[in-house]
Amino acid sequence: MTESTPERPDGMSAVRTTKPKQVRPRTEGWTQAKDDTGRPLLQFASPKRGKPPVHLVDLTREQRVEKLKELGLPGFRAGQLEKHYFQHYTSDAAKMTDLPASGREELVAGLLPNLMTEVRRLETDGGDTIKFLWKLHDGALVESVLMRYTGRITLCVSSQAGCGMNCPFCATGQAGLTRNMSAAEIVDQVVRANRLIADGGLGDPRKVGHKDERVTNIVFMGMGEPLANYARVMQAVRTMVDKDHGLGMSARGITVSTVGLVPAIRKLSDEDIPVTFALSLHAPDDHLRDELIPVNSRWKVDEALDAAREYFDKTGRRVSIEYALIKDMNDHAWRADLLATKLNERGRGWVHVNPIPLNPTPGSVWTASDVDVQNEFVRRLNEAGIPTTLRDTRGKEIDGACGQLVATEEDEAAAAASV
């Protein structure tokens, strides 16, 4: 369905002499789940399933020590386990020769249980991008994507199996929410990626970087809505940044994204962990965003932007606005102007916009904006004083780019065969 003109707020002038086409959001190749009122179904609560085994990451430092004492072992063994897992990236008891041989297997199995089985990995970009398909203990499937850039290595992690936000243009949301991931399942994606890097799986570190290379940047932009799994995501983040009992990463290298769960954004502002915050906006006007991002029916554009500005005020960390450019749907020049106006109304220097050419998903006729339209959108934002950078798209060829992560029938078959 199309309309001759987009819904332009009062006071916004036309930007072309010919009226641009307006495509309405709709699902392609799948049926969107609806609630009793006919609105897109939102799943905030995780469906009840068997919990994954309790892992070292799921415990606080004090709980780790106490657990070892319950097993009749001295508390300092917790530090040894931490070093093996967080620094040597291993859960293999045979490599932990500093632990007593008697009971070592049982100890490691109890505190470092296997959480994920690698089903497959796909590579592209000359080996600089690797997508992993993982099977969790209950058969749920998740994906993560490892990307080498000049001077950094980024891992896109999943925080939920599936997603309950039901956005019609995102492949991940098509199957709904299977369950929340545990803090350990989230962190284990990083540890497993670090193990691969150390083994030369992303190129020989001594040739492409240095022998101690590891993941430097984390983006919570894989499967799931991170702020809908708030407690476990924050526990994972604390483990990532803990220099004494965790991975010792920089909080500034970690990006937590959301489609706009306003109460959780405000809660994140008070965490005193200076992660980068990213708001997946995709439309500056409620009329379109209500359809494009169903959670906008709960918290409108202005509420989400106010919460984002509050994050900057409390943390001093510049906010990123993610904006997938979709041809004839949200890429109109007047929408760039409206976005600039809304951001500038909240001050200067607090925000950066990352337009992203839409990544195609199976069964969808939606596509990325034409290059000239895309460039005009970026130009208008920059001219309005909004720092704007078109984001590099990686992993499209292996369905590893933003919005493409989903467990396909082929993935399900591969997982079944891996038993």
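Leaving aside neighbours within four places in sequence, aspartate 188 is in contact with Tyr85, Leu115 and Met116. This residue belongs to helix H4 in what is a predicted model. Aspartate 188 counts as buried because its relative accessible area is 5%, under the cut-off of 20%. The points below move from H4 to helix H6, and then to the sheet.

**Helix H6**

- Helix H6 covers residues 230-241, which is 12 residues.
- At 1.5 Å a residue, H6 should span 16 Å, and its end C-alpha atoms are 17 Å apart, so the two values agree.
- Which residues of H6 are buried? They are Tyr230, Val233, Met234, Ala236, Val237, Thr239 and Met240.
- These buried residues pack against three helices and strands in turn named here: helix H2 (77-87), helix H4 (183-198) and helix H7 (262-269), together with strand S9 (217-220) and strand S10 (254-258).

**How H4 meets H6**

- Two packed helices are described by the angle between their axes and the distance between the axes.
- The axes of H4 and H6 come within 8 Å and cross at roughly 40 degrees.
- That angle makes H4 oblique to H6, because it is neither under 35 degrees, which would be roughly parallel, nor in the range of 65 to 115, which would be roughly perpendicular.
- The crossing of H4 past H6 is right-handed.
- On the H4 side, the residues that meet H6 are Ala183, Ile186, Val187 and Val190.
- On the H6 side, their partners are Arg232, Val233, Gln235, Ala236, Thr239 and Met240.

**The sheet**

- Nine strands form an open sheet with mixed pairing, in the order S3-S4-S5-S6-S9-S10-S11-S12-S13.
- Which strands lie at the edges? They are strand S3 (116-124) and strand S13 (351-357), each of which pairs on one side only.
- On average, neighbouring strands of this sheet are turned by 20 degrees against each other, direction ignored.
- Strands of a sheet pair through backbone hydrogen bonds, either parallel or antiparallel.

**S9, S10 and the helix across them**

- S9 and S10 run parallel and are joined by three bridges.
- Phenylalanine 220 stands opposite valine 256, which is in S10.
- H6 lies across both S9 and S10, and buried residues of H6 pack against these two strands.
- Relative to S9, H6 runs at about 175 degrees, which counts as roughly antiparallel because the angle is over 145.

Methods: Residues are numbered from 1 along each chain as its sequence is written. This is a predicted model: local features need pLDDT of at least 70, side-chain atom pairs count only at pLDDT 80 or more; totals for chains, interfaces and linings use all residues. Side-chain values use heavy atoms; hydrogens and water are left out. Helices (H or I, at least four residues) and strands (E, at least two) are DSSP runs, numbered from the N terminus. The expected span of a helix is 1.5 Å times one less than its number of residues. Buried means under 20% relative accessible area, exposed over 50%, partly exposed in between (1.4 Å probe, protein chains only). Contact means heavy atoms within 4.5 Å. Two strands pair if DSSP finds at least two bridges between them. Axes are lines fitted to C-alpha atoms, for helices over the stretch in contact, and angles run from 0 to 180 degrees between N-to-C directions. A crossing is left-handed if the near helix is turned anticlockwise from the far one by less than a right angle, and right-handed if clockwise.
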